[in-house]
Amino acid sequence: MTHLHYDVKVSGEEVLRDKGIHLVLPNHSAYIDPVILFSELWWLPIRPMVDEVFYRHWLYGYVVRLGDAIEVPDLQKSAMSREEGAAVASQLSRIAIDSLAEGKELCFYPSGHVKTVNKEVIGNRRMAYEVCRELPAGVRVILCRMRGLETSRFSKLKPKKWKWRRTVTLHFEDHTDEVRQWAQTLEKRAFNEKLEEWYNRVES
């Protein structure tokens, strides 16, 4: 169905076609991102980490639970203290690590939110850093850069002229070795800056 409105062009997907276990880390430019991503990767049994709003939705929730989704609480809207929120975030990181160790493909957004400025900002988020510090042996880290949805009606950025047909690109790269090194040698913020640099790179 997404191809009725989006002209999706995918490159680099061959890095997902080996026999390994993959941790897919995409940028997050619009609410429709997951629908397009999982539509293109229908052949790969990826376990998604899903915001509680969508996890509990009567329709979307049913669909994502079929894929064994992991519910992610909205810590900003909850009444948790900072310490409680940090504990929940660490618990989610542990769930992600254990899921990968069990041999399950996994996908989550390092930024944890749809971007509100014209670049990907991960800031002080901790999940990608914590998971990659304890990445189980044999897991491949695949970065995904999506372009074309930044000014769509599903974006938080001010939309330009509405388009019936919109071109969207997905580019995948295996950065396992680099990400492992960053996670072991850098502090959390510097690690996130490395991911931001890759997501915000201007493609030739």
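Of the 204 residues of the protein chain, 45% count as buried. The model described here is a predicted one. The protein chain contains seven helices and seven strands. Read from the N terminus on, these elements follow the order β-β-α-β-α-α-β-α-β-α-β-β-α-α.

Contacts and surface add to this outline. Among contacts in the protein chain between residues at least 6 apart in sequence, those joining residues at least 24 apart make up 74%. The area that the protein chain exposes is about 11300 Å², and carbon and sulfur atoms supply 54% of that area.

Two residues may now be considered in turn, beginning with Ser111. Ser111 is placed in a loop, the one between strand E5 (105-107) and helix H5 (127-133). Buried means under 20% relative accessible area; Ser111 has a relative accessibility of 1% and therefore counts as buried. The side chain of Ser111 has polar partners in His113 and Glu120. A polar atom of the Ser111 side chain lies 2.9 Å from the backbone oxygen of His113, while the side chains of Ser111 and Glu120 make a polar contact at 3.2 Å. Glu120 appears again when the wider surroundings are listed: with neighbours within four places in sequence left aside, Ser111 is in contact with His28, Glu120, Val121, Ile122 and Arg125.

The second residue, His171, belongs to a strand, namely E7 (residues 166-174). The relative accessible area of His171 is 18%, so this residue is buried, the limit being under 20%. Its side chain makes a polar contact with the side chain of Ser11 at 2.8 Å. The side chain of Glu173 also makes a polar contact with that of His171, at 2.8 Å. If residues up to four places away in sequence are not counted, His171 touches Ser11, Leu143, Cys144, Arg145, Trp198 and Glu203. Ser11 is thus a polar partner of the His171 side chain and is also listed among the residues that His171 touches.

The interior of the model remains to be described. A search of the whole structure finds one cavity of 30 Å³ or more. The largest cavity has a volume of about 40 Å³. Its lining is formed by His5, Tyr6, Ser152, Arg153, Trp162, Lys163 and Arg166. Sorted by class, the lining of the largest cavity comprises two nonpolar, two polar and three charged residues. Arg166, one of the lining residues, lies within the range of strand E7 (residues 166-174), the strand in which His171 is found.

Note on methods. Residues are numbered from 1 along each chain as its sequence is written. This is a predicted model: local features need pLDDT of at least 70, side-chain atom pairs count only at pLDDT 80 or more; totals for chains, interfaces and linings use all residues. Side-chain values use heavy atoms; hydrogens and water are left out. Helices (H or I, at least four residues) and strands (E, at least two) are DSSP runs, numbered from the N terminus. Buried means under 20% relative accessible area, exposed over 50%, partly exposed in between (1.4 Å probe, protein chains only). A polar contact is a pair of N or O atoms within 3.5 Å; within protein, one must be able to donate a hydrogen and the other to accept it, and residues adjacent in sequence count only if both atoms are side-chain atoms. Contact means heavy atoms within 4.5 Å. Accessible areas come from the Shrake-Rupley method with a 1.4 Å probe; for residues, only the protein chains shown count as cover. On a 1 Å grid over the protein atoms alone, a cavity is a set of points where a 1.4 Å probe fits but cannot get out, and a pocket is an open set with protein on both sides within 12 Å along at least five of seven lines; lining residues have an atom within 4 Å of a point. Grid points are joined across faces, edges and corners, and a volume is the space filled by probe spheres set on the points. Ala, Val, Leu, Ile, Met, Phe, Trp, Tyr, Cys and Pro count as nonpolar, Asp, Glu, Lys and Arg as charged, and the others, Gly among them, as polar.
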